[in-house]
Each structure stands twice: as C-alpha cells, then as structure tokens.
Amino acid sequence: MTTFSAADLSSKARHMGGYGNTVVAWGLVAPTAGASGDIYRPLIIPAGIEVTDVDIVNDKLDSNATPAIAFKAGYAPVYPDEGPAASDAYFTAAGNTVLRNAGRASLAFQPVKFEKPVYLTITLTTAAASFAPGKVTAIVKGDAVGVK
C-alpha cells in the first residue's frame, strides 16, 4: 500500500494567531431577470485570499413546473488591466441547475488564490422558463494569506 501526501502538507496547518487568518465573505444579488447570458455579481473576492469553498444560497428563480434555469460560476477581475484573466466557469461548469429550487449548494473546484480583487460571477447558460425574482447569496470561505 502506498501513502500519498500533499507537497505542502506540513505548511498548510497554520496557527490563526490573535486575529486569525480565516476569511468568510458574502454578498447577495436580487436579480429581476433570468435570460441566458445574464450575469449576477454578488460580491468581490478580496486580493490575497486563497478560496477553498463557495456556497450558493438562493430562492427558487424559475417558477415553471419544469424549470430550465442553469448557470456557470467563475470570476472576473475588478480591474481588467491588472488581471487575473477571467474564468467564467472556474467554480462550476455550465449547466449547474442549483437556481431551479430554493436551497444551499457547495460548488466543487480546486482552491485558488487571487493576487488582485475579483468579482464572483454567476452567468446564466439557460434562461428561466418562468423567471421568479428572488435573492442569490454567495458565501466565499478561505484563508487570508496575503498578496505576493
């Protein structure tokens, strides 16, 4: 049997110190439309954050008996000239159907560190069959490790 350890296994468990280094940032958007291509930006992820978790908490945004609304989630730079390059499907690929019913879902992705502030973006890939206004909250968790 083989044991596989992360290359940075010994350095990941950091003492939080007097003020801590864990970060939880959240924001919400209350969209009034649900057309394909619409972009919801619920918050800015600050520079120097290593993002490990993103949760989406939402109301039911498609009231049709057979809802169709779907999205992808990623990020875009606050200051495009400074980067990073946008990745509109980093946190979840196109076709995620979480917004069809009210609830909370965790997105699956590899942790990522941002050297510059970025918008968390939710881009609709399929329009709502019958859009129902509601709230979409994004909760971002990670470590404040600082910028280079």
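Q: How many bridges join strand 1 to strand 9 (residues 136-144), and do these strands run parallel or antiparallel?
A: Strand 1 and strand 9 are joined by 8 bridges and run antiparallel, and it should be kept in mind throughout that this is a predicted model. Individual residue partners can be followed along this pair, since Val29 stands opposite Val136, while Val24 has Lys141 as its bridge partner in strand 9.

Q: Which other strand pairs with strand 9?
A: Strand 3 (residues 49-58) pairs with strand 9 in the antiparallel sense, over 9 bridges. Within this pairing, Val57 stands opposite Thr137.

Q: Is strand 9 largely enclosed or open, and why?
A: Strand 9 is largely enclosed by the rest of the structure, because 7 of its 9 residues are buried. Thr137, which has its place in strand 9, is an example of a buried residue, with a relative accessible area of 14%, and a residue counts as buried when this value is under 20%. Apart from its neighbours within four places in sequence, Thr137 is in contact with Trp26, Gly27 and Leu28, and also with Asp55, Ile56 and Val57.

Q: Which residues of strand 1 are on its covered face, and which are on its uncovered face?
A: The general idea is that side chains in a regular strand alternate between the two faces of the sheet. In strand 1 (residues 22-29), the covered face holds Val23, Ala25, Gly27 and Val29, whereas Thr22, Val24, Trp26 and Leu28 make up the uncovered one.

Q: How many helices and strands does the whole protein have, and in what order do they run?
A: The protein has 1 helix and 9 strands, and, starting at the N terminus, the order is α-β-β-β-β-β-β-β-β-β. Of the contacts with a separation of 6 or more, 81% are between residues 24 or more positions apart. Buried residues make up 40% of the 148 residues, and the accessible surface comes to about 8200 Å², with 54% of it belonging to carbon and sulfur atoms.

Q: Which residues of the largest nonpolar core touch the most other members?
A: A nonpolar core is read as a set of buried residues of certain kinds, such as Val, Leu, Ile and Phe, joined through side-chain atoms. The largest one here has 29 residues, and those that touch the most other members are Ile45, Val51, Val54, Phe91, Leu99, Leu120 and Ile122. Several strands each supply at least two residues of this core, among them strand 2 (39-45), strand 4 (70-77), strand 7 (112-114) and strand 8 (118-126). Ile122, when residues up to four places away in sequence are not counted, touches residues including Ile39, Tyr40, Pro42, Ile56, Phe71, Leu99 and Val136.

Q: How many aromatic pairs are there, and which residues do ring pairs link into a cluster?
A: The count comes to 6 aromatic pairs. One of them is formed by Tyr90 and Phe91, whose rings lie 5.5 Å apart, centre to centre, with 85 degrees between the planes, an edge-to-face arrangement. Tyr90 is partly exposed, with a relative accessible area of 26%, whereas Phe91 is buried, with a value of 0%. Ring pairs link Tyr75, Tyr90, Phe91, Phe109 and Phe114 into a cluster.

Q: Where does the charged end of Arg41 sit?
A: The charged end of Arg41 sits over the ring of Tyr119, at 3.7 Å from the centre of that ring.

How values were computed. Residues numbered from 1 in each chain as written. Predicted model: local features only at pLDDT ≥ 70, side-chain atom pairs only at ≥ 80, totals over all residues. Heavy atoms only, no water. Helix = DSSP H or I, 4+ residues; strand = E, 2+ residues; numbered from the N terminus. Buried < 20%, exposed > 50% of the residue type's maximum accessible area, 1.4 Å probe, protein only. Contact = heavy atoms within 4.5 Å. Areas by Shrake-Rupley, 256 points an atom, 1.4 Å probe, with all protein chains shown as cover. Pairing = 2+ DSSP bridges. Core = buried A, V, L, I, M, F, W, Y, C linked by side-chain atoms within 4.5 Å. Phe/Tyr/Trp six-rings, centres within 6.5 Å; stacked < 30°, edge-to-face > 60°. Lys NZ or Arg CZ within 6 Å of the ring centre and 35° of its normal.
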